[in-house]
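Me: I would like to talk through the labels on this structure and what stands behind each of them. Could we take them one at a time?

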Amino acid sequence: MTQDVEMKELPAPSNSASSSTPSTLQHLKEIASLIETGAYAREVRRIMRVVRLTMALRRKLNATVLASFLNFALTPGSELHGRLFSYLPKEDEHDMDVDTATSGTQIVAKHSLPELEIYCYLLVLIFLIDQKRYNEAKACASASIARLKNLNRRTVDVLASRLYFYYSLSYELTGDLAEIRGNLLSLHRIATLRRDELGQETLLNLLLRNYLHYNLYDQAEKLRSKAPRFEAHSNQQFCRYLFYLGKIRTIQLEYTDAKESLLQAARKAPVAALGFRVQCNKWAIIVRLLLGEIPERTVFMQKGMENALRPYFELTNAVRIGDLELFRNVAEKFSDTFNSDRTHNLIVRLRHNVIRTGLRNISISYSRISLVDVAKKLRLDSANPVADAESIVSKAIRDGAIDATIDHANGWMVSKETGDIYSTNEPQFAFNSRIAFCLNMHNEAVRALRFPPNSHKEKESADKRRERQQQEQELAKHIAEEDDDEF
């Protein structure tokens with residue numbers, strides 16, 4: 001009885017331990033076969049499918065699986081095989097060789113495929129970054145980039161764009177992002193000469209990120225304005241470009257363009273990219289506050305974003321009320337968050353908006369109020385608050401923020417009666433912005449339409465042409481009759 005129980009329990013752990021590794025390895029072998037098919041047929045879509053399948057297997061990668069796949073895909077004893085094996089953990093090396101000794105000679109045709117070599121580099125690089133072995137990741141990424149410079153194949157471009165991203169990420173994680181800026185510029189030049197548009201998109205975003213990481217906004221704008229533009233090939237890269245463009249426009253005080261870019265990036269971003277969407281919303285909230293707008297409460301209540309946007313919700317509340325003291329308290333309370341988000345300098349600009357909002361509320365509430373009371377209600381903490389209040393009110397009147405006058409003799413601010421807003425041009429401006437948004441959406445939808453191939457080359461038959469001409473004549477006659485009836 002005891003022997004039967006032991007026989008039932010012993011095989012169970014061995015089966016569970018060996019079931020996960022072969023399944024992942026089998027998937028990688030199928031991906032290698034897909035790479036071979038795509039390379040020989042020169043079909044880029046198959047290589048794009050390879051990238052999607054690899055991202056799904058990312059969490060299942062380990063040293064044993066990678067070693068087995070390297071023995072399967074590369075020639076054992078070759079220079080590339082030895083280099084990639086040197087990045088894997090040493091303690092599992094003996095087990096890897098024993099488990100995969102028979103799989104190294106199964107495929108001979110794949111050994112000479114550049115696509116398969118680059119894919120092996122990509123797998124090892126992803127594994128090293130996930131394992132937080134950043135120094136080995138930097139060495140692996142540099143070796144892969146050196147190999148990429150000698151390859152000019154359209155089927156390699158998709159894999160190369162992923163390698164560019166992880167190449168920059170490995171150096172960013174170690175704080176050495178400035179070291180590769182020159183190399184990224186040369187790679188962008190090479191991609192432009194080779195007409196690798198996906199590579200150009202990726203490298204342009206990486207360069208913009210590199211410049212913005214060190215607050216080099218002027219250099220980023222010069223590069224962006226002079227870089228060649230074309231139709232976006234990757235939605236993810238286009239979203240990143242819009243986000244970086246919004247940040248540049250915000251720093252350059254072009255808040256309207258910045259708001260449009262940031263909101264568009266947040267809308268186009270995938271639902272799974274929660275962190276990216278949070279960053280877009282943070283910057284969009286600040287830009288809208290700088291424009292004098294108050295974001296809706298639903299912006300802060302989006303699923304998964306409540307905690308991340310909480311500091312900005314309290315900041316928006318302070319700006320909406322126009323309470324300068326509350327604004328200072330919120331800025332001090334969440335200063336660490338604002339510094340990590342790199343929005344602290346923008347929040348400093350909001351002080352003027354808070355004062356203007358508070359002054360607008362005072363102007364609406366009081367028909368006449370002394371400048372001393374204005375300074376108290378605005379909670380100005382300067383040496384001469386009355387003089388500051390007078391200058392603030394004067395500037396607000398000049399800018400059109402409030403409709404009032406200053407009685408300098410008595411030290412009063414006299415507000416004029418508020419008229420009907422529909423007698424002004426505000427409704428016209430609101431409708432104009434909505435119509436422009438709808439037209440822009442319509443134009444984007446038209447550009448995104450897809451038509452069957454060679455539909456414009458199909459010849460029209462005589463019967464169809466005769467029927468079309470008859471319909472056009474009837475329509476013209478009907479329009480003419482309606483015009484006569486109107487007059």
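**Labels and their reasons**

Reply: Happy to. Arg153 makes a good start: its relative accessible area is 32%, and it is partly exposed. Keep in mind that this is a predicted model.

Me: Why is Arg153 called partly exposed?

Reply: Buried means under 20% relative accessible area and exposed means over 50%. Arg153 has 32%, which lies in between, so the label is partly exposed.

Me: What makes Arg153 and Glu115 a salt bridge?

Reply: The closest N and O atoms of the two are 2.8 Å apart. The cut-off is 4 Å between a side-chain nitrogen of Lys or Arg and a carboxyl oxygen of Asp or Glu, so the pair qualifies. In general, side chains of opposite charge can pair when their charged atoms come close. The structure holds 18 salt bridges.

Me: Why does this pair tie together separate parts of the sequence?

Reply: Arg153 sits in the loop between α8 (134-148) and α9 (154-173), while Glu115 belongs to helix α7 (residues 114-130). The parts that the pair ties together are therefore 38 residues apart in sequence.

Me: Is Glu115 buried or exposed, and how do you know?

Reply: Glu115 is buried, because its relative accessible area is 0% and the limit for that label is under 20%.

Me: Which residues are joined into one network by salt bridges that share partners?

Reply: Let me build it up from two of the pairs. Glu221 and Arg224 meet through their side chains at 3.0 Å, N to O. Both lie in helix α12 (residues 217-226), three residues apart, which is about one turn of the helix. Arg249 forms a salt bridge with Glu254, with the closest N and O atoms 3.2 Å apart. Through shared partners, salt bridges join Glu221, Arg224, Arg249 and Glu254 into one network.

Me: How do you know which members of that network are buried and which are partly exposed?

Reply: The limit for buried is under 20%. Glu221 has 14% relative accessibility, so it counts as buried. Arg224 is buried at 13%, and Arg249 is buried at 13%. Glu254 has 33% and is therefore partly exposed.

Me: What about His188: buried or exposed?

Reply: His188 is buried, since its relative accessible area is 9% and the label needs under 20%. Its place is in helix α10 (residues 181-193). Leaving out residues up to four places away in sequence, His188 touches Gln200, Leu203, Leu204, Leu207 and Pro228.

Me: What makes β2 and β3 a pair of strands?

Reply: Two strands pair if there are at least two bridges between them. β2 and β3 (residues 412-415) have four bridges, in the antiparallel sense, so they count as paired. Ala404 stands opposite Ser415 in β3.

Me: Why are β1 and β2 called edge strands?

Reply: The open sheet has three strands in the order β1-β3-β2, with antiparallel pairing. β1 (368-370) and β2 (404-407) each pair on one side only. On average, neighbouring strands of the sheet are turned by 20 degrees against each other, direction ignored. Helix α21 (residues 371-378) packs on the sheet and touches β1 and β3, with its direction at about 80 degrees to that of β1.

Me: Which residues form a nonpolar patch on the surface?

Reply: Phe431, Ile435 and Leu439 do, with about 320 Å² of accessible area together. Ile435 lies in helix α23 (residues 426-447).

Definitions and conventions: Residues are numbered from 1 along each chain as its sequence is written. This is a predicted model: local features need pLDDT of at least 70, side-chain atom pairs count only at pLDDT 80 or more; totals for chains, interfaces and linings use all residues. Side-chain values use heavy atoms; hydrogens and water are left out. Helices (H or I, at least four residues) and strands (E, at least two) are DSSP runs, numbered from the N terminus. Axes are lines fitted to C-alpha atoms, for helices over the stretch in contact, and angles run from 0 to 180 degrees between N-to-C directions. Contact means heavy atoms within 4.5 Å. Patches are made of residues with over 30% relative accessible area and no salt bridge: like charges are joined within 9 Å, nonpolar side chains (Val, Leu, Ile, Met, Phe, Trp, Tyr) within 5 Å. Accessible areas come from the Shrake-Rupley method with a 1.4 Å probe; for residues, only the protein chains shown count as cover. Buried means under 20% relative accessible area, exposed over 50%, partly exposed in between (1.4 Å probe, protein chains only).
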